[in-house]
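Here is a walk through one protein model. Keep the sequence and the 3D view side by side as you read.

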Amino acid sequence: MKYTWLFFVAGAVLSWGAYVVTIDHGRTSLAEGLPRTHMAVAAMRAFLFIGLAYFVLAVIVPGLYLAMNKPPSGQDPGFNMKGSVLSTIAGILGAAGALCIVFAVGSARRSGGAQAALYVAPLVFAFAPIVNVIISMMWDRPEKAPSPMFFIGLLMAAAGAALVLIYKPAEAPHKPPAQGFPVVQQQRV
């Protein structure tokens with residue numbers, strides 16, 4: 001189909017749209033019972049499971065796919081150094097971004113509560129595409145200078161992020177947060 005790629009775009013939008021809030025709730029759940037001085041431990045525990053998921057989806061699945069879809073003998077150039085290095089760098093950048101999000105939601109939650117953690121996703125997902133376009137233009141130089149509408153679009157993307165942050169819905173009222181996460185007492189049997 002001509003537009004099959006749009007289904008994959010929708011999959012990425014839905015996956016990444018749920019990514020930050022899921023990380024935040026996972027990290028928060030893993031922090032239960034830990035003293036506030038060890039919140040980075042909860043972040044690393046969350047990142048460990050993120051890495052496990054990356055391993056399954058980025059190593060096991062492609063390994064099985066490649067094993068089941070071998071090109072005819074003599075038609076497969078195999079791996080080359082440039083593609084392998086660039087792909088590894090891309091993986092490092094993706095994992096670094098995930099690690100930064102884990103720490104961003106934890107730090108935002110500590111300094112400003114759950115409400116502050118809501119700022120992470122709009123900032124990341126509004127400005128990452130802008131950075132992507134700039135890097136893409138540096139890497140693959142366009143034939144001619146961008147239209148002024150391009151720069152208006154960049155400003156609108158930044159303004160859109162600002163509007164989302166300023167007018168985001170208020171969190172449902174709840175009791176004031178405790179001075180740290182509760183310590184769970186284990187019963188001895």
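Start at L118. With a relative accessibility of 39%, L118 counts as partly exposed, because that class covers the values between the buried cut-off of under 20% and the exposed cut-off of over 50%. L118 sits in the loop between α3 and α4. Now look for A108. Ten residues of sequence separate L118 from A108, and the distance in space is 8.5 Å from C-alpha to C-alpha. A108 belongs to helix α3. Its relative accessible area is 12%, so A108 is buried. The pair thus joins a partly exposed loop residue to a buried helix residue.

A word on the model itself. This is a predicted model. Keep that in mind for every value below.

Now step back to the whole chain. How many helices and how many strands does the protein chain have? It has five helices and zero strands. Along the sequence the pattern reads α-α-α-α-α. The chain has 189 residues, and 16% of them count as buried.

Next come the charged contacts. The structure holds two salt bridges. Take D24 and R27 to begin with. These two residues form a salt bridge, with 3.5 Å between the closest N and O atoms. Both lie in helix α1. They are three residues apart, about one turn of the helix. Are they buried or exposed? D24 has a relative accessibility of 7%, so D24 counts as buried. R27 has a relative accessibility of 2%, so R27 counts as buried too.

D24 also has another partner. The side chains of D24 and R109 meet in a salt bridge, at 2.6 Å from N to O. This pair links distant parts of the chain. R109 is in helix α3 and D24 is in helix α1, with their positions 85 residues apart in the sequence. R109 has a relative accessible area of 21%, so R109 is partly exposed. The cut-off matters here, because buried means under 20%. Put the contacts together, and D24, R27 and R109 are linked in a network of salt bridges.

Turn to the open space in the model. The largest pocket holds about 1,100 Å³ of space. Which elements give two or more residues to its lining? They are α1 (5-31), α3 (81-117) and α4 (120-139). Of these, α4 gives the most, with eleven residues. The lining has 27 residues in total. Nearest the centre of the pocket lie W16, L93, G94, G97 and A128. What is the make-up of the lining? It divides into 21 nonpolar residues, six polar residues and no charged residues. Charged residues do appear elsewhere in this account: D24, R27 and R109 make up the salt-bridge network.

Now move to the surface. A nonpolar patch is found there. Its members are L48, F49, L52, F55, V56, L57, V59, I60, V61, L64 and M68. Together they have about 1,100 Å² of accessible area. Pick out L57 from this group. L57 is in helix α2, which spans residues 39-68. Its relative accessible area is 62%, so L57 is exposed. The reasoning is short, because exposed means over 50%.

Stay in helix α2 and find A40. A40 has a relative accessible area of 45%, so A40 is partly exposed. Its sequence position is 63 residues from that of F103. In space, the C-alpha atoms of A40 and F103 are 7.7 Å apart.

One more pair remains. G160 is in helix α5, residues 148-166. With a relative accessible area of 26%, G160 is partly exposed. G160 and A126 are 34 residues apart along the chain. Their C-alpha atoms are separated by 7.7 Å.

To gather the main points: the chain has five helices and zero strands. Its largest pocket has a lining with no charged residues. A salt bridge joins R109 in α3 to D24 in α1. A nonpolar patch on the surface includes L57, a residue of helix α2.

How values were computed. Residues are numbered from 1 along each chain as its sequence is written. This is a predicted model: local features need pLDDT of at least 70, side-chain atom pairs count only at pLDDT 80 or more; totals for chains, interfaces and linings use all residues. Side-chain values use heavy atoms; hydrogens and water are left out. On a 1 Å grid over the protein atoms alone, a cavity is a set of points where a 1.4 Å probe fits but cannot get out, and a pocket is an open set with protein on both sides within 12 Å along at least five of seven lines; lining residues have an atom within 4 Å of a point. Grid points are joined across faces, edges and corners, and a volume is the space filled by probe spheres set on the points. Helices (H or I, at least four residues) and strands (E, at least two) are DSSP runs, numbered from the N terminus. Ala, Val, Leu, Ile, Met, Phe, Trp, Tyr, Cys and Pro count as nonpolar, Asp, Glu, Lys and Arg as charged, and the others, Gly among them, as polar. Patches are made of residues with over 30% relative accessible area and no salt bridge: like charges are joined within 9 Å, nonpolar side chains (Val, Leu, Ile, Met, Phe, Trp, Tyr) within 5 Å. Accessible areas come from the Shrake-Rupley method with a 1.4 Å probe; for residues, only the protein chains shown count as cover. A salt bridge is a side-chain nitrogen of Lys or Arg within 4 Å of a carboxyl oxygen of Asp or Glu. Buried means under 20% relative accessible area, exposed over 50%, partly exposed in between (1.4 Å probe, protein chains only).
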